[in-house]
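Biologist: Hi! Could you walk me through this one?

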Number of protein chains: 2
Amino acid sequence: MQAIKWNGQRLELLDQLQLPNQIEWVKCESVEDVAEAIEKMKVRGAPAIGATAAFGVSIGARAGQELQKSDFLSYIDGVCDRLARTRPTAVNLFWAIQRMRNLISQNTDLDVPELVDLIQREAQNIAYEDVEINKSIGRNGLPLIPHNARILTHCNTGSLATVDYGTALGVIRASHASGRQVSVYADETRPYLQGARLTAFELQQDQIPVTVITDSMAGHLMKEEQIDLVIVGADRITANGDTANKIGTYSLAVLAKHHGIPFYVAAPISTLDFALASGDQIEIEQRSPDEVAIIAGKRIVPEGVPALHPAFDVTPHDLITAIITEKGVILSPDTERMAILRKKG
Amino acid sequence: MQAIKWNGQRLELLDQLQLPNQIEWVKCESVEDVAEAIEKMKVRGAPAIGATAAFGVSIGARAGQELQKSDFLSYIDGVCDRLARTRPTAVNLFWAIQRMRNLISQNTDLDVPELVDLIQREAQNIAYEDVEINKSIGRNGLPLIPHNARILTHCNTGSLATVDYGTALGVIRASHASGRQVSVYADETRPYLQGARLTAFELQQDQIPVTVITDSMAGHLMKEEQIDLVIVGADRITANGDTANKIGTYSLAVLAKHHGIPFYVAAPISTLDFALASGDQIEIEQRSPDEVAIIAGKRIVPEGVPALHPAFDVTPHDLITAIITEKGVILSPDTERMAILRKKG
């Protein structure tokens, strides 16, 4: 299942707010369409957002192909700025946009039509590469997954969160494909319910056994010895291995530590942000409280009562057993060990 | 606000499944009406269930008042059995029914009409006493609550979970009334959302500042030093202080310990079950997975994917800073210290 379709001109996104009840594709024909799809979380998941933003730059480039070069360059700069203003926490967004900016600044000697072609190919490359990267993450994670492992995951990190295959779900897919007989507990992941709606949907399609639980049940299941390991994705990993991921991840890491259960993070190198020394420096997106207060169109919090909606939290590196990337696995991540990835990245 | 109305003949229950969107009263005119209201969680909260069951015995007694005494005694025994089969975890239900049974067995020399009167008075007494007990819990808990405390609570333990005032919310109410300027974070408490729907509603009515969070945000807020203490209710407390409470409570206790935050349990003596040595022996009610998979009439988990719904979890006594009862506060509860309450109870 792919959630991002690109025909060279038009981007179509599987609307993840409607899944699993409706399969609805959102057509993005302008930069603004793409930016809004990211903001409204019709597309979500750090790697998927990165690829989508790259396609956004590509759509923008094509729309500006009649401009003079100097106008084109400042225009495409504005396109990148707009796409970067969509969501603050996942670094893959900025990584993909920066990759496009670098490409442009290294090729300012080209004509505008040539530049547009180059931009389009680069966006397509980012998407192609993402799938290969995820498959490598899956292969690299495999040795960490025992036979018959009962795996807890949070949010959605699969085909729907990437271009295809997935990060944490990629490791689970690779384990399943290798005959390891794994089974999955999917945290429903309030408030957006990505686990209940998306992870359960993907795993069901792949016939990987999955059971949905509320986020509040994870500790109980660990205590009852029903969970062998936890694996999650990441939206940003800092130089010391601290990891921002969907709200609720940090609680799982503390619970895993309390129960002596391994806690793994699976993410591409593009999620690493060596510009930040530690997770304290990560900006946490605060989304609308209505996304907590209203479920399926029904208000569950009385009018006038405030709600909070930090979309992410930060898990300190000392709660992380290993970070699994396409360039290898870092056990007990810290600044020194993470530097190994920096060299490879 | 009272959720249980009794006019001496008919019981009316504020339907807690409809709150806060609709104020709807359920009329219970038969034992079966009462049993179903408990089963379907139209009334919930351990002390409220206890009082409701007592009124159920009272309704049953009145309906059987024309029976011969021996028939009446075996009939009322069946009434008690039916009410006891509604929910397995909260012990207050069994405590209230046992209190009615004891009253009957101690008064078999009375005529049936006199017995019916006695039963009716006893049910009313249980309800009256519950309010006084909660106020005592509130007073006893007061010294544990600092000025300006930011308090995290789970599920609903207020007027709607008791006959009035509440257990954990009773302590919060007492703190507020004493001018301590407390504020509350209410876990929404999936799957039934008692925190978002009921706790937020009650505290708003009392003008106690409350903010709703998803259950998955508690760890993040503790890490950000936004929470000074956790206080919850209980459905059953065993001889060693292990505490069964709404699913998600155990995770909060682990998180509180990790962050060095006090974790308090507030409950009446009727919640203590000295027949069980430890929490391992508590039966955990497994409710319908549909209560997780369907929110506000909308299915969030794909058809065919299983979900779990343990309604409670057990927090071991060593994660509990203190248990607050109407007979006093037990710090660092264990079998020895809990025995002090047994003598007082």
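Modeller: Happy to! A term first: a crossing of two helices is left-handed if the near helix is turned anticlockwise from the far one by less than a right angle, and right-handed if clockwise. And keep in mind that this is a predicted model.

Biologist: Okay, so what is the handedness of the crossing of α4(B) and α5(B)?

Modeller: Right-handed. Helix α4 covers residues 91-105 of chain B and helix α5 covers residues 112-141 of chain B; their axes come within 10 Å and cross at roughly 145°.

Biologist: Which residues make the contact?

Modeller: From α4(B), they include B:Trp95, B:Met100 and B:Leu103, and from α5(B), B:Leu115, B:Ile119 and B:Glu122 are among them. The residues of this contact divide into ten nonpolar, one polar and three charged.

Biologist: Switching topic: how does chain A superpose on chain B?

Modeller: By a rotation of 180° with 0.0 Å of shift along its axis, giving an RMSD of 0.0 Å. That is the relation of a two-fold axis.

Biologist: And through what surface do the copies meet?

Modeller: The same surface, because 100% of the interface residues of chain A are also interface residues in chain B.

Biologist: Now B:Thr199. Is it buried or exposed?

Modeller: B:Thr199 is buried, because its relative accessible area is 0% and buried means under 20%. B:Thr199 lies in helix α7 of chain B, residues 194-205.

Biologist: What does its side chain make a polar contact with?

Modeller: The side chain of B:Asn156, at 3.2 Å. Leaving aside residues up to four places away in sequence, B:Thr199 also touches others, including B:Thr153, B:Cys155, B:Leu169 and B:Ala186.

Conventions:
Residues numbered from 1 in each chain as written. Chains lettered and ligands numbered in written order. Predicted model: local features only at pLDDT ≥ 70, side-chain atom pairs only at ≥ 80, totals over all residues. Heavy atoms only, no water. Axes fitted to C-alpha atoms, helices over the stretch in contact; angles between N-to-C directions. Helix = DSSP H or I, 4+ residues; strand = E, 2+ residues; numbered from the N terminus. Contact = heavy atoms within 4.5 Å. Nonpolar A, V, L, I, M, F, W, Y, C, P; charged D, E, K, R; others polar. Least-squares fit on C-alpha atoms with pLDDT ≥ 70 in both. Buried < 20%, exposed > 50% of the residue type's maximum accessible area, 1.4 Å probe, protein only. Polar contact = N/O pair within 3.5 Å; in protein donor to acceptor, adjacent residues only side chain to side chain.
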